[in-house]
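Me: I have a chain open and want to go through its layout and its pockets. Can you take it from the top?

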Amino acid sequence: MAKDVADMRKEYSAKGLDEIDMPKEPMKLFQQWFDEACSSKMHEPNAMCLSTADGTGRPSARIVLLKQFDDRGFVWYTNYESRKSDDLTVNPNACLTFWWGELERQIRIEGAVEKVSAQESDVYFNSRPKGSQIGAWTSDQSRPVADRTALEDKETTLKAKYESQEVVQRPPHWGGWRILPTYVEFWKGRQSRLHDRLAYTRESGAKNWKMERLQP
């Protein structure tokens, strides 16, 4: 018998978040939580849900991989002609969500976005396996294709083209996006659904962060 979705629940632990232990800015706490997620051996701790909206406000979401982060923001790479990039071009705002269920933790990051420099995109692209580099040339991301065979035939043609080349140049339509965070929320599951939520906010371009507790 199928399990009743309404009956599916988990009781979270008593250990939570205390303002007195929090750093003054969120990147230090993100680094700590990210390191702990990596140490937990969970599958792809750098996986995150990227939420965007088009010019009419219609939302869409998908899982992408975090590839860089520093005081400037959080970076992922993609095809600049994909649906997500089309959204970000007309509505340059996004939200990232990390869910680390094994640790009973979630992080939500909101802010405006920008394309990373061509130099940064080149450095990352050159670090990728050759198969992934060819894949970036193969896929016209988010566009229809007749069938799987058509995609694989195109890949085979490109593999032959680049077989003797040590360097595969980055496609001009492929590169990175960076979210410039103005809101970072740290969530920790607690008992009886009285979860902890500590949110850092700052105005765009400002240096100082404000932290406050939100009701669950």
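Reply: This is a predicted model. The secondary structure of the protein chain comes to 5 helices and 9 strands.

Me: What pattern do they follow along the sequence?

Reply: Read along the sequence, the pattern is α-β-β-β-β-α-β-β-α-α-α-β-β-β.

Me: What box do the C-alpha atoms fill?

Reply: Along the principal axes, the box is roughly 60 × 55 × 40 Å.

Me: How much of the chain counts as buried?

Reply: The chain has 216 residues, and 38% of them count as buried. The area it exposes is about 12900 Å², with 50% of that supplied by carbon and sulfur atoms.

Me: And what share of the contacts with a separation of 6 or more comes from residues 24 or more positions apart?

Reply: Those residues account for 64% of such contacts.

Me: On to pockets. How much space lies in the largest one?

Reply: About 310 Å³. Its lining is made up of 16 residues, and Y77, T78, R128, Q141 and W174 are the closest to its centre.

Me: Which elements give two or more residues to that lining?

Reply: Strands β2 (59-65) and β4 (73-79) do, along with helix α4 (130-138).

Me: How do the lining residues divide by type?

Reply: In the largest pocket, 7 are nonpolar, 6 are polar and 3 are charged.

Me: What volume does the second largest pocket have?

Reply: Its volume is about 270 Å³. There are 13 lining residues, and the closest to the centre of this pocket are K15, G16, L17, W33 and R105.

Me: Which helix gives the most to that lining?

Reply: Helix α1, residues 26-39, with 3 residues.

Me: And the residue types there?

Reply: The lining of the second largest pocket divides into 6 nonpolar, 2 polar and 5 charged residues.

Me: Different topic: S40. Where does it lie?

Reply: S40 is in the loop between α1 and β1, the latter being residues 47-53.

Me: Why is S40 classed as partly exposed?

Reply: Because its relative accessible area is 30%, and partly exposed covers values between the 20% limit for buried and the 50% limit for exposed.

Me: How far is the C-alpha atom of S40 from that of S127?

Reply: The two C-alpha atoms are separated by 25 Å, and the residues are 87 apart along the chain.

Methods: Residues are numbered from 1 along each chain as its sequence is written. This is a predicted model: local features need pLDDT of at least 70, side-chain atom pairs count only at pLDDT 80 or more; totals for chains, interfaces and linings use all residues. Side-chain values use heavy atoms; hydrogens and water are left out. On a 1 Å grid over the protein atoms alone, a cavity is a set of points where a 1.4 Å probe fits but cannot get out, and a pocket is an open set with protein on both sides within 12 Å along at least five of seven lines; lining residues have an atom within 4 Å of a point. Grid points are joined across faces, edges and corners, and a volume is the space filled by probe spheres set on the points. Helices (H or I, at least four residues) and strands (E, at least two) are DSSP runs, numbered from the N terminus. Ala, Val, Leu, Ile, Met, Phe, Trp, Tyr, Cys and Pro count as nonpolar, Asp, Glu, Lys and Arg as charged, and the others, Gly among them, as polar. Buried means under 20% relative accessible area, exposed over 50%, partly exposed in between (1.4 Å probe, protein chains only). Contact means heavy atoms within 4.5 Å. Accessible areas come from the Shrake-Rupley method with a 1.4 Å probe; for residues, only the protein chains shown count as cover.
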